[in-house]
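Notebook open, structure loaded. I want to look up the pocket first and then the helix packing beside it.

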Amino acid sequence: MEQANNNDFGQQRVRQLLSGVPFFNEIARDDQAQFAQIEQNTRLWVAGSGDTVIRAGDVDSTLYFLLRGQLEVCAEQGSEAPLYYVSPGEVFGTLSMLLGTPRSATIRVADNAREAVLASLDFNAFNEDDSPYSLATRLAFFHMIVHHIRWTLEVKRMQSPTHELVQSMRKLPVFHGEKGSAEELDALREQAQSLAELLCRWNEESQANTGTIQLT
């Protein structure tokens, strides 16, 4: 996988690619100055068929968005059939950042895809107290993370409605304070952490029983 020069695509093409991701769309709609800053800090990547995007065991703070192509999530040794696929518009790479753990699986460009185009952002830039981004932008970022992990857990719940961890999902706290506040941001960060821990537990059980995992 190689980092692309944004100028190689042209601003119009870059924005067209980013428009396929709801998070970028939301920021562009609500705050053009913040979108310009995020756009400046976004790295574009181009990977060819079969290229590795994330390697199991790696540790970093990069969050990825697939803009074009298809990715497949493989077991660590990469010899088995893909466990699941990543489609354009999806975000991935959240669990290891939230939990401070190595990547749980290898992700590579699917063999039937000529190439993949990805965007990446530094998770720490949104998570640290001295973030360069506004409160509204950070709230949108963590809403995205929480929604993404909760949706993954909901899929697991529908597949196994009697699983013991379903009760743990229902006990997770929900924020009832002032919307758009620093308190809401703190609550979202805590919620993302709790959801990630729960999904990690569910993954460990699933991987032991069926070899199936979600997220990296």
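For my notes, contact means heavy atoms within 4.5 Å. I also jot down that this is a predicted model.

**Entry 1: the pocket**

I started with the largest pocket and got about 270 Å³ of space in it. Which residues lie nearest its centre? I found Pro22, Val91, Met144, His147 and His148 there, out of 13 lining residues. I then sorted the lining by class: seven residues are nonpolar, four polar and two charged.

Next I asked which elements give two or more residues to that lining. They are α3 (22-30) and α7 (135-159). α7 gives the most, with six residues.

**Entry 2: α3 against α7**

Since both helices turned up in the pocket lining, I checked how they pack. Their axes come within 10 Å and cross at roughly 160°. Angles over 145 degrees count as roughly antiparallel, so α3 is roughly antiparallel to α7. I noted the hand as well: α3 passes α7 in a right-handed crossing.

Who makes the contact between α3 and α7? From α3 I listed Phe23, Glu26 and Ile27, and from α7 Thr137, Ala140, Phe141 and Met144. By class, I have five nonpolar residues, one polar and one charged in this contact. Met144 caught my eye, being in this contact and also among the residues nearest the pocket centre.

**Entry 3: α3 against α4**

I stayed on α3 and looked at helix α4, residues 32-41. The two pack at an angle of about 140°, with axes 6 Å apart. That makes α3 and α4 oblique to each other.

What does α3 bring to α4? I wrote down Phe23, Phe24, Ile27, Ala28 and Asp30, which meet Gln32, Gln34, Phe35 and Ile38 of α4. This contact divides into six nonpolar residues, two polar and one charged. I flagged Phe23 and Ile27, since they touch α4 and are also in the contact with α7.

Notes. Residues numbered from 1 in each chain as written. Predicted model: local features only at pLDDT ≥ 70, side-chain atom pairs only at ≥ 80, totals over all residues. Heavy atoms only, no water. 1 Å grid on protein atoms, 1.4 Å probe; cavity = no way out; pocket = protein on both sides within 12 Å on 5 of 7 lines; lining within 4 Å. Points joined across faces, edges and corners; volume = space filled by probe spheres on them. Helix = DSSP H or I, 4+ residues; strand = E, 2+ residues; numbered from the N terminus. Nonpolar A, V, L, I, M, F, W, Y, C, P; charged D, E, K, R; others polar. Axes fitted to C-alpha atoms, helices over the stretch in contact; angles between N-to-C directions. Parallel < 35°, antiparallel > 145°, perpendicular 65-115°, else oblique. Left-handed = near helix turned anticlockwise from the far one by under 90°.
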